[in-house]
Amino acid sequence: MKITDFHRDKRKSLSFEIFPPKKDDSLKNIDGTLEVLSELNPDYISVTFGAGGSANCNKTIELAKKIKNDYKIEPVVHLTCLHYDKAQIDEFARILSAEGIQNILALRGDRNPNVPEKKDFQHASDMISYLKDKGDFCFLGACYPECHPESPDKISEMKHLQEKVEAGAEVLLSQLFFDNDIFYDFADNCKIAGIHVPVIPGIMPVINASQIRRMVTMCGASFPPRFQKIIHKYEDNKEALFDAGMAYAVSQIIDLLTSDIEGIHLYTMNNPAVAKKICDSIRNFI
Ligand code: FAD
């Protein structure tokens, strides 16, 4: 089933993102996480792909197969292209087709100074154009309400996002953000730019101080004053910070659900207890 099918009936979708376990033998151990997540009835679960051509990438496909075959949930495979050539991307596409996995989140991938970049694909849109006629795929793309860190300005960012959609991205999943007004402005700008595919907000519940620091350095997400106050007040109180982070994410999601959005993508960080708590709190609003 293609992700676009979930959006055809105008129902709001609920999706989760997980990552493959790092240790070799631990695919088995992810069952505990998947059991809880599957009971929450997501429309799909997306599986991240190791950055910079890491050796973890085949585990992405293994995990996606497990989600599809053992849990009967539609997987979305993240696929990066900057560190692969055409033959390698062909091979990933061949395996996905053979496994009946149709949904690909097409990504350029982050630059990794330790891994040489290949020349075949410079941008996510290059890979979408290349793969479009190579299988019956549905492509999703990434988008950045606060701009991608490499973008010189919002206008060129929007122009390239438009190109990604023209290349064949049928759904856009957003980078995490903590200020809904930034997302609403971005979604409006997408419409003005003629982008009419679903733009799905990505929400990450922030539950500890180290995660907060990582978010600021890695993706440059801005923290609205209301959230900053909570972080400052409770940064040394683990339990309070956890509860406050959960409450903040729930309030963000409820606000989004009451607006004109087409789904919620939850960055679960492979923490099923957090995903369950959030879903229990928002169930009546979906
Ligand atoms: P692109 O769409 O190629 O854009 C990258 C930059 O290039 C942007 O600044 C864009 O404006 C610019 N650009 C695009 N096209 C052109 C053009 N034709 N000419 C000039 N400039 C252009 N990374 C992983 O390694 N693994 C994952 O599993 C993963 N999952 C992610 C999931 C989501 C929902 C998101 C939002 C990000 C994810 N990332 C992941 C991170 C992502 O790989 C990085 O943000 C990466 O730096 C950009 O990828 P992209 O596909 O958005 O790139």
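Select strand 1 and strand 2 (residues 44-47) to begin, and you will find that these two elements pair in the parallel sense over four bridges. Within that pairing, pick Ser15 and then look across to Tyr44, which is its bridge partner in strand 2. Keep in mind throughout that the model is predicted.

Staying with strand 1 (residues 13-18), now colour by accessibility, and note that the strand is mostly covered, with six of its six residues buried. Turn the view along the strand to separate its two sides: Ser13, Ser15 and Glu17 point one way, whereas Leu14, Phe16 and Ile18 point the other way, and all are buried. On its other pairing, strand 1 runs parallel to strand 8 (residues 263-267), to which five bridges join it. Select Phe16 here, and the residue to show with it is Leu266, its bridge partner in strand 8.

Next, display the strands together, since eight of them close into a barrel in the order 1-2-3-4-5-6-7-8, with parallel pairing. From one strand to the next, the twist averages 30°. As background to what you see, the strands of a sheet pair through backbone hydrogen bonds, in either a parallel or an antiparallel arrangement.

Move along the barrel to strand 6 and strand 7 (residues 199-203), which pair in the parallel sense over three bridges. To locate this pairing at the residue level, select Leu172 and then Val199 in strand 7, which stands opposite. Leu173 also deserves a label, as a residue that lies in strand 6. Is Leu173 buried or exposed? Leu173 counts as buried, because its relative accessibility is 5% and the cut-off for buried is under 20%. If you draw a C-alpha to C-alpha distance from Leu173 to Phe242, the two residues are 25 Å apart in space and 69 residues apart in sequence.

Now select the ligand and the residues around it, which number 24 and of which the closest are Arg108, Asp110, Tyr144, His148 and Lys164. Three polar approaches can be drawn as distances. Begin with Arg108, where a polar backbone atom is 2.8 Å from an oxygen atom of the ligand. Then take Ser151, whose polar side-chain atom likewise lies 2.8 Å from a ligand oxygen atom. Finally, go to His123, where an N or O atom in the side chain is 3.4 Å from a nitrogen atom of the ligand. Switching to a surface view, consider that the ligand taken alone exposes 980 Å², of which the protein buries 85%.

Which elements give two or more residues to the shell around the ligand? They are strand 3 (74-80), strand 4 (103-107), helix 6 (154-167) and strand 6 (169-176). Helix 6 gives the most to this shell, with four residues. Colouring the shell by residue class divides it into ten nonpolar, nine polar and five charged residues.

For the last stops, select two residues with unusual backbone angles to inspect, beginning with Lys72 in the loop between helix 3 (57-69) and strand 3. Phi of Lys72 is near 55°, a positive value in a residue other than glycine. Lys72 is exposed, because its relative accessible area is 68% and the cut-off for exposed is over 50%. Then go to Cys147, which is found in the loop between strand 5 (138-143) and helix 6. Here too phi is positive in a residue other than glycine, with a value near 80° for Cys147.

Technical notes: Residues are numbered from 1 along each chain as its sequence is written. This is a predicted model: local features need pLDDT of at least 70, side-chain atom pairs count only at pLDDT 80 or more; totals for chains, interfaces and linings use all residues. Side-chain values use heavy atoms; hydrogens and water are left out. A residue is near a molecule or strand if one of its heavy atoms lies within 4 Å of it. A polar contact is a pair of N or O atoms within 3.5 Å; within protein, one must be able to donate a hydrogen and the other to accept it, and residues adjacent in sequence count only if both atoms are side-chain atoms. Accessible areas come from the Shrake-Rupley method with a 1.4 Å probe; for residues, only the protein chains shown count as cover. Ala, Val, Leu, Ile, Met, Phe, Trp, Tyr, Cys and Pro count as nonpolar, Asp, Glu, Lys and Arg as charged, and the others, Gly among them, as polar. Two strands pair if DSSP finds at least two bridges between them. Axes are lines fitted to C-alpha atoms, for helices over the stretch in contact, and angles run from 0 to 180 degrees between N-to-C directions. Buried means under 20% relative accessible area, exposed over 50%, partly exposed in between (1.4 Å probe, protein chains only).
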